[in-house]
Amino acid sequence: MKKLKYIIISIVVLGIITAILVYTKRKEFPVSFIDNLPQGYSYVYDIDDKTIDRYDNMNQILYSYGGENDDKFQNTFFYSSPTIGNLYSVGDSIEGGFCIIELNESYYDVIYEAKAVNESFFPIAQTNDLAFFSVEISSEDDIKSGGLLMWTKENGFQIFSEISGDEIILGGAICGDFLYYTTYYTDSVFYLYRWNYVNCVEGPQLISSSLTTPEIYCYQEKVSYYENGIIHIGNVEITYGSDMYLLDRKLFVFSPNTTGLIICTVYNLDTGEKENIIQDARAFSFDGTTTVTIYTIDKGKVEVKVS
Amino acid sequence: MRKRINKTITVMFLVLTLCFSMNAPAFASLTQTETNKKLSISGTSSTLKAYAAFDRFGSNMGNGKEWDYTGKASIVNAAKAGTLKLTIKGQATLNTSAGISVGGGSSISASTSSSWQTISSSYSQTKSIKKKTGTQSTSDTSNLIVAPRAHYQTNTACITVTAQIKWSNSSKWYKISALA
């Protein structure tokens, strides 16, 4: 009887220790390195390093995070959707522990946390009051789809875990009442689906099974994707190979010049005109309403009105 | 006996020649500092590697100073197709508007202040990789320049070479960096 008592106590103690360990592990979200923003600095998204940089507003200098020399944060990445917004996902590719943050000029809030260390999120499309995230589940020897995570300002987060079956979602664009999204089929074939997120009762519709890259964009309720290495968005034509971010009528194209330094070209999608060419561009921020700011390393910043 | 010594010397000479011709790290120039870093990617048998080599002493050029470097990103036994990215970042401590440039790119300047500031400049290149055994890599050899050297703090120049990979069926990136 006494022996049984010890066994039960041991099991309870072990259970508590395991629960504490699991909880602690889950809470180790790698956002801690962007704490303690000094006064006079702003948080900005570094498109090349996929991290958060600090911008010194007084001296107009961009300080890269420099985490590549810090083993603890070596594999911590911040992910942005191709539509500019204030929501980002952040996580460690090796340790796990993903979360979704709302990033503003001088602060951030963690608004959603992974339920398990092998769960990761990637923003695929967003507006001010709506966002979609692809969910990936990694195992010992594989990556599986965890479906789609939807956020609305009104109702918060909702998971649609079965929406894409086994297919991992890689790209997305919001077009009116529809979410268009792409999934991986083979290394050179991606599927395009359309899903009515307002009436979520109906399942997604397959639109194309022959995309060659997963990137998609939506402008004036028309979805665009690369065909033969070229994409047409509004009146703008772009060749594959650049990082592109869209907001309202503006397209921000980040591409390396011949020496590898990044140039940001800002296009007006209505007219097709290049409105700005910004040398040595590395990062951007969004004020949540009308202005996207592009940051250079040492040549200041350029504000772009998007509407 | 003499014949045996001659044979030994010949073999040693051949081995040394072979090593130098292969540019083996063990026989690299004494003025060069080298770093190799690797990361085993979980869930695969793939290994991501970053290699950085930096001219330790550099040389004076006009009113500036320059150092040669080589950066290389490699993936060994790629489990899937994907994108391999090489980023080379040069860094130095400067003041009074002195500038740094890497890879022949435009110069990034310190502020006009006379206090020392750590300034960096970087550039990237990407390569599509296939699913296959063996090594696939992308590399670059160029130089890091600071000018004027009067506003450069001695022994602060260095490069960080970062190798990154993203598989085609995932949005997740992996990274490893080597500092030299």
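Q: Strands are DSSP runs (E, at least two residues), numbered from the N terminus. Which strand gives the most to the lining of the largest pocket?
A: E8(B), with 7 residues. This is a predicted model, where local features need pLDDT of at least 70 and side-chain atom pairs pLDDT 80 or more, while totals for chains, interfaces and linings use all residues. Residues count from 1 along each chain as written, chains are lettered from A and ligands numbered from 1 in written order, and side-chain values use heavy atoms, leaving out hydrogens and water.

Q: What makes the space of about 1,400 Å³ a pocket?
A: On a 1 Å grid over the protein atoms alone, a pocket is an open set of points with protein on both sides within 12 Å along at least five of seven lines, and lining residues have an atom within 4 Å of a point. The volume is the space filled by probe spheres set on the points, so the figure of about 1,400 Å³ describes that filled space in the largest pocket. Of its 50 lining residues, those closest to the centre include A:Glu215 and B:Trp173.

Q: Why is the pairing of A:Asp48 and B:Lys85 called a salt bridge?
A: The term needs a side-chain nitrogen of Lys or Arg within 4 Å of a carboxyl oxygen of Asp or Glu. Here N to O is 2.9 Å, so the pair qualifies. The count between chain B and chain A is 1.

Q: How do you know how much area the two chains bury?
A: Buried area is the accessible area (1.4 Å probe) lost on putting two parts together, summed over both, so the about 3,100 Å² covers chain B and chain A jointly. B:Asn169, B:Lys172 and B:Lys175 supply 20% of what chain B buries there, more than any other three residues.

Conventions: On a 1 Å grid over the protein atoms alone, a cavity is a set of points where a 1.4 Å probe fits but cannot get out, and a pocket is an open set with protein on both sides within 12 Å along at least five of seven lines; lining residues have an atom within 4 Å of a point. Helices (H or I, at least four residues) and strands (E, at least two) are DSSP runs, numbered from the N terminus.
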